[in-house]
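Student: Could you take a close look at the backbone with me, starting at a spot where a peptide bond is out of the ordinary? Then follow the chain's neighbouring pieces outward from there.

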Amino acid sequence: MNLVEALAVDVGPRPAGTGAAERAADVVAEAFRELGLEPHFQEFDLLGYEADEPELEVEGERWPAGPCMYAHPFDGSGAVRRIGSSAAPVGGGRLPSFAVVDDGGRELARLLTSPFSTGAIPFMSTHVHVTTPPTAFVSRADAERLQDGMRVRLRVGGRFLPGRRERNVIADLPGAGDGHVVVSAHYDSVWCGPGAIDNATGVEGIRRVAEKLSKRELARGVRLVAFAAEEIKLTGSRYYVDEATLREQLGDVKGVVNLDCIGRGDKLNVLASPAALLGRAVEAARQLGLLDRYELETGPATGGVDSHWFAERNVPAATILFFPYDEYHLPADSPKLVDPKLMDDAVALAVALVESQLVQPIAR
Ligand SMILES: [Zn+2]
C-alpha cells in the first residue's frame, strides 16, 4: 500500500474530528497490518471543530481568507488596526498581525498573516483552542496591503463539536533490549487540504522505515506512532506524551524520529534536541551524501512539529522535513507534487537515526 495515494486521494481532506480522519486512521492501521504488525489505537476525547470558509471584505472588495483551525465565531464589521508583528519563519522579514476593532476601539476579531505558503492558508493562531478569538488568515501579499482604518466586513463561521473521538495509531516492532525508539508522523490534514506532502508523505515514510527495520534484528524496540490531530496545535502527540507521563512510561522512550513533509521543499530541515542528537543527525546526513544535494537548515525539535512535547520533557527527539513549499496547507497539496528522491533520502536518514539510537541512545 502506498499511503500517499491512500490518504491524499482515497481519503482526501481529513481534519481532526471528522469521519474522514476516522477512515484515515483505519487506512494507516491496515498498512501496518500489511507489514505483519498488530496495530492498536490510542483513543482520546476531542472537542471537535468544523470551520467554514471565512468571508472577508476589505473596503468593499472580497479578499481570500483561510480559516483558523479552531476559533470562536464572528459576523460583523469594523476597522483594521495593526497590533504587532512576528518574525517570518521563512524568507525573512516580519509578519504583521491585525485586529478588527469597533468604533469604540474594542477588538472584535483578528486578521493574521499566513506564516507559510503564497496563499491565504488555514492555520492555528497563537492562542490555545479554547481561547482563540475569531480569526482568519490572509496571504503575505495581502497583509502588506492592509492599512489602519480600512473598513472590514468579516464572517468567521465555525462550530465546536463535542463528543468526538480521535485515535493515534500505534504498532510495535520488538527488539532485544529495554525501551524503544518512537518513529512518528501525523496523518490528519487541514481544512480542505488533501495533505499529500503534509503529511501523507511522512506517514508513508514511517511505513517504509518499518518495512526496512522489520527484516533486521533490533537492539531495542521500535514503536510506530501515526499521530492524530496535529494540525490543531499538536493535540495527538500532546495526548501521547501527557498519557505516558501520567502512567510513568515516558522513560521507555529512548528517542523520537518524526517525519513531517518529506516529499517536496527547498531545504532539508533537521530539527533535533538535545545538541548531541542534532550533531548525530547532521553527521548521518553527511554520510548519506545529503549535504551535497540539499541546503541544510537546523534547529531544536520544539515548535510546530510533533517532536515538540517529547523535547519539552527532555526526551531526545528529532523531526526531519523538507521545507518550505508553496502549496503548503492549500488544496493544491496533491500527490503529483511528490519528489520520490526526497522521500527516499528522508527515509534513509530516519533509518540511520533510529538505528543509531537503538544501539546507543542519547543521554537525557
Ligand atoms: Zn504537518
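Tutor: Let's begin with asparagine 199, which sits in helix 4, residues 196-213. Keep in mind that this is a predicted model. The bond leading into that residue, from aspartate 198 to asparagine 199, is cis, with omega near 5°. Most peptide bonds are trans, and most residues other than glycine have a negative phi. A cis bond also links phenylalanine 323 to proline 324, this time with omega about -5°. Proline 324 belongs to the loop between strand 16 (317-323) and helix 9.

Now for phi. Lysine 233 isn't a glycine, yet its phi is positive, near 70°. You'll find lysine 233 in the loop that runs between strand 12 (221-227) and helix 5 (235-246). It has 18 C-beta neighbours inside 10 Å, so lysine 233 counts as partly exposed. Asparagine 314 is another non-glycine with a positive phi, about 65°, and its loop lies between helix 8 (308-312) and strand 16. Because asparagine 314 has just 11 C-beta neighbours inside 10 Å, it counts as exposed.

Strand 16 has come up twice, so let's see where that strand fits. It is part of an open, mixed sheet of eight strands, ordered 1-10-12-11-13-16-14-15. Strand 1 (40-51) and strand 15 (295-299) are the edges: each has a single partner strand, so one side of each has no neighbour in the sheet. From one strand to the next, the twist averages 20°. Strand 16 runs parallel to strand 13 (residues 253-259), and four bridges join the two. In one of these pairings, asparagine 258 has threonine 319 of strand 16 as its bridge partner.

What lies against the sheet? Helix 2 (residues 19-34) lies across strands 1, 10 and 12, running at about 5° to strand 10 (158-173). Helix 6 packs on the sheet too, touching strands 14, 15 and 16, and its direction makes about 150° with that of strand 14 (267-273).

Helix 6 (residues 275-287) also meets helix 9 (residues 340-359): their axes come within 10 Å and cross at roughly 130°. That makes the two helices oblique to each other, and the crossing is right-handed. Helix 6 brings Arg280, Ala281, Ala284 and Ala285 to the contact, while helix 9 brings Leu349, Ala352, Leu353 and Ser356. By class, that's six nonpolar residues, one polar and one charged.

How values were computed. Residues are numbered from 1 along each chain as its sequence is written. This is a predicted model: local features need pLDDT of at least 70, side-chain atom pairs count only at pLDDT 80 or more; totals for chains, interfaces and linings use all residues. Axes are lines fitted to C-alpha atoms, for helices over the stretch in contact, and angles run from 0 to 180 degrees between N-to-C directions. Angles under 35 degrees count as roughly parallel, over 145 as roughly antiparallel, 65 to 115 as roughly perpendicular and the rest as oblique. A crossing is left-handed if the near helix is turned anticlockwise from the far one by less than a right angle, and right-handed if clockwise. Two residues are in contact if their C-beta atoms, placed from the backbone, lie within 7 Å. Ala, Val, Leu, Ile, Met, Phe, Trp, Tyr, Cys and Pro count as nonpolar, Asp, Glu, Lys and Arg as charged, and the others, Gly among them, as polar. A residue is buried if 20 or more other C-beta atoms lie within 10 Å of its own, exposed if 12 or fewer, and partly exposed in between; C-beta atoms are placed from the backbone. Two strands pair if DSSP finds at least two bridges between them.
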